[in-house]
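Let's take a walk through this protein and stop at a few spots worth a look. Here it is.

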Amino acid sequence: MNTANKVKDCEAILNSLDYCASIQPRIIEEFTGILGCNGSFRCEVGVRESGQHLRLKGIIETLFKQNTFYTPVEIWIPRIFPIAPPMFFVVPQEGMILAKGHVSMEHNGKCLIDWNPGYSLCFVLSSLVLKFNESPPLYAVKRTQWNTSSAGSSSSVTRLNDELTKKCISLQIMTSSTRDQVASQLRHLRLDISQKQHATTTLKQKTKRLLDRKDNLQSRIDSLEDWISANAHRAVISIDQMVPSTEIDCQVLELQAGINTDHDLMHLADRQLAKGSLDIRQYVKNITSLGASICMKQALLNKISRTRIAEM
């Protein structure tokens, strides 16, 4: 898992545990700093006597007498961090035991650290590595050896057995870390799938609503066109009549020109909607406004026509 996903995991856990919002940025910054120098660490929920807390788990690499050791550690973050110090623990895996009487560690694996609110977790972790380089906190569990007739052969077998035990322990630690990483990636994948399914459902619902509105609008346009066709003969004006001779003639000409312009704008809106350059909401608004304008102008033309017929 990359650093970004691990930081997201940490933020989610902090929110789920209701850590104070004022200290969350400091914790995120500390965790990011640890990942910068040791990418094996990850976040999870830990349970102690005082309740649930954020727990950072990882592996530190130490060097003792030219031998490399991989030490599993846990860092428990208190709810009033950094005023209250974090707790560092060495956690033995299968085949390992804690070193007795270690100067930097209690009998239960709790590390003895010097803490100041100005210190960083990465600084404390580095100081522990230096201490463990001088004296390892873990030892491999001794196993019964078989009898040999040669002392040299026995020593060689013992050395081989110790090396094999160390490799097995390292392999177990790496397997445990890989298993946890895979589980975290699966959680992220399930979350992404759930979010995408929700987004797809929402998009389908919105699309259905838009299509319904489009059908309703088309129905209204068809009704308007039927009305205009049924009443078009009342607004037919000859070429001679289009030459304005009176104020009423000018008004009729302006109304007819306005109706033609509104029709042109409706066709233009249809073309823009088909090309996708016009939003459906704006399209509905424009068509509704143009339809109302056409109806009003047509009604005024009809009234003028009836007045002229009455005068004749």
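## A ring that is tucked away

We're looking at a predicted model, so keep that in mind as you go. Start at Trp115: its relative accessible area is 18%, and because buried means under 20%, Trp115 counts as buried.

Which residue does Trp115 pair with? Its partner is Tyr119, and the pair is edge-to-face, with 6.4 Å from centre to centre and 85° between the planes. Tyr119 itself is partly exposed, at 31% relative accessible area.

## Following the rings along

Tyr119 also pairs up with Phe123. This time the arrangement is tilted: the centres are 5.1 Å apart and the planes sit at 50°. Phe123 is partly exposed too, with 47% relative accessibility.

Add Phe81 to Trp115, Tyr119 and Phe123, and you have one aromatic cluster. Across the whole structure, a search turns up 3 aromatic pairs.

Another ring has a charged visitor: Arg79 lies over the face of Tyr19, 4.9 Å from the ring centre.

## Helix H7, end to end

Now hop over to helix H7, which runs through residues 280–311. How far should its 32 residues span? At 1.5 Å a residue, the answer is 46 Å, and the end C-alpha atoms are 46 Å apart, so the two agree.

At the N-terminal end, Asp279 acts as a cap: one of its side-chain oxygens lies 3.0 Å from the backbone nitrogen of Arg281.

Several H7 residues are buried, including Ile280, Tyr283, Val284, Ile287, Leu290 and Ile294. Here's a handy rule for reading a list like that: an α-helix has 3.6 residues a turn, so residues three or four places apart point the same way.

Terms used: Residues numbered from 1 in each chain as written. Predicted model: local features only at pLDDT ≥ 70, side-chain atom pairs only at ≥ 80, totals over all residues. Heavy atoms only, no water. Helix = DSSP H or I, 4+ residues; strand = E, 2+ residues; numbered from the N terminus. Expected span 1.5 Å × (residues − 1). Buried < 20%, exposed > 50% of the residue type's maximum accessible area, 1.4 Å probe, protein only. Polar contact = N/O pair within 3.5 Å; in protein donor to acceptor, adjacent residues only side chain to side chain. Phe/Tyr/Trp six-rings, centres within 6.5 Å; stacked < 30°, edge-to-face > 60°. Lys NZ or Arg CZ within 6 Å of the ring centre and 35° of its normal.
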